[in-house]
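Subject: Structure handover

Hello,

Here is the structure I promised to pass on to you. Please open it alongside this email, as the notes below are meant to be read with it on screen.

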Amino acid sequence: MTTKIDHIVQIGTVPAPDDIYIQVTKGGPYLVHGKPPVQQVIIEKNETGNSGRYAAGKSFESSESMALCRCGHSKHAPFCDGSHLKAPVDLTETASFQPLLAGSKEFDGPTQLLTDNESYCAFSRFCDNGHQVWGEVQMKGEQHERLTEFMVHNCAGGRLLVWDRETQQPIESKETIGIHPIEDPSIGCSGPLMVRGGVRVESADGQSYEIRNRQALCRCGQSSNKPFCDGTHASFKYHDGIA
């Protein structure tokens with residue numbers, strides 16, 4: 001039975017409608033409710049060789065209740081094909097239910113603040129542009145502010161938040177609801193499910209994680225922060241088999 005009370009909503013996030021949510025199943029796939037769009041995205045490099053944008057990849061037909069793979073062994077990715085029943089992988093959830101900010105470090109700049117919870121790194125590497133996000137936020141000038149916001153807002157796992165120093169409010173915009181299997185050709189592997197637009201994720205025991213604008217769900221089965229991605233797919237060289 002779905003529990004829909006006492007949700008924690010990350011500041012600056014506009015929650016998706018209640019009927020759109022993701023349910024983690026015990027030892028099994030993600031059950032996706034509400035028919036959100038599912039489209040692969042491909043991380044493309046910019047002229048400096050860093051992550052520059054998410055290019056649209058293959059689109060998938062959504063249904064009212066979809067089962068998406070989280071064990072990393074499905075031959076029908078991003079959908080579950082039952083491989084978790086035989087796969088040698090532990091899908092036990094280990095992530096905290098505390099807000100992201102509870103484990104974040106703060107970096108102060110002249111006009112902006114940056115908060116960073118490294119446990120939620122999905123290794124999309126947009127943060128490496130310029131002088132890296134931790135350096136850019138400490139620099140003065142509109143070009144550094146814009147670059148900081150670009151890097152934060154493209155962070156697949158949502159580990160980063162940028163704040164207006166004067167108002168103490170996050171610099172956020174409403175995200176379009178969607179689930180995006182990531183392909184990362186620069187490092188030769190597939191990435192997590194990037195989830196945008198304040199979609200609620202419910203644990204197998206019915207408790208909801210913090211509702212966030214940007215989050216990334218593990219689908220290689222190897223994260224130490226399940227159900228969220230911790231970047232392990234990069235060293236594991238996970239391949240989803242999607243053309």
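Below is what I found, from the overall fold down to single residues.

First, the ground rules. This is a predicted model, in which local features need pLDDT of at least 70 and side-chain atom pairs count only at pLDDT 80 or more, while totals for chains, interfaces and linings use all residues. Residues are numbered from 1 along each chain as its sequence is written, and side-chain values use heavy atoms, with hydrogens and water left out.

**The chain overall**

You will find 3 helices and 12 strands in the chain; helices (H or I, at least four residues) and strands (E, at least two) are DSSP runs, numbered from the N terminus. The radius of gyration is 17 Å, which agrees with the value near 18 Å for a compact globule of 243 residues. That radius is taken over C-alpha atoms, and the globule rule is 2.2 Å times the number of residues to the power 0.38. The C-alpha trace spans about 55 × 40 × 30 Å along its principal axes.

Of the 243 residues, 53% are buried. Here buried means under 20% relative accessible area, exposed over 50%, and partly exposed in between (1.4 Å probe, protein chains only). The accessible surface comes to about 11,100 Å², and carbon and sulfur atoms account for 50% of it; the areas come from the Shrake-Rupley method with a 1.4 Å probe, and for residues only the protein chains shown count as cover.

Contacts are taken as heavy atoms within 4.5 Å. Among those between residues at least 6 apart in sequence, 62% join residues at least 24 apart.

**Strand E9 and its partners**

I would start with E9 (residues 178-184), where 7 of its 7 residues are buried. Both of its faces are covered, with Gly-178, His-180, Ile-182 and Asp-184 on one side and Ile-179, Pro-181 and Glu-183 on the other. Strands are said to pair if DSSP finds at least two bridges between them. E9 runs parallel to E3 (residues 38-45), joined by 3 bridges, and Ile-42 stands opposite Glu-183 there. With E10 (residues 189-196), E9 pairs in the antiparallel sense over 6 bridges; one of the partnerships is Pro-181 with Leu-193. E9 and E10 form a hairpin with 4 residues between them, and Gly-188 in the turn has a positive phi of about 70°.

Cys-189 lies in E10 and, at 0% relative accessibility, counts as buried. Leaving aside neighbours within four places in sequence, Cys-189 touches Glu-183 and Asp-184, as well as His-233, Ala-234, Lys-237, Tyr-238 and His-239.

**Strands E5 and E8**

Side chains alternate along E5: Met-66 and Leu-68 point to one face and are buried, whereas Ser-65 and Ala-67 point to the other and are not. E5 is joined to E2 (residues 30-33) by 4 bridges, and the two run antiparallel; His-33 has Ser-65 as its bridge partner.

Asp-164 is in E8 (residues 160-164) and is partly exposed, with a relative accessible area of 26%. Apart from neighbours within four places in sequence, Asp-164 is in contact with Thr-111, Gln-169 and Ile-171.

**Backbone points to check**

Most residues other than glycine have a negative phi, and most peptide bonds are trans. With that in mind, four places deserve a look.

- A cis peptide bond, with omega about 10°, joins Ala-77 and Pro-78; Pro-78 sits in the loop between E5 (65-68) and E6 (105-108).
- Another cis peptide bond, between Lys-226 and Pro-227, also has omega about 10°; Pro-227 is in the loop between E12 (214-217) and H3 (232-236).
- Arg-125 has a positive phi near 70° in the loop between E7 (112-116) and H1 (133-136), and counts as buried at 14% relative accessibility.
- Gln-132 has a positive phi of about 65° in the loop between E7 and H1, and is partly exposed at a relative accessible area of 35%.

Happy to talk any of this through once you have had a look.

Best wishes
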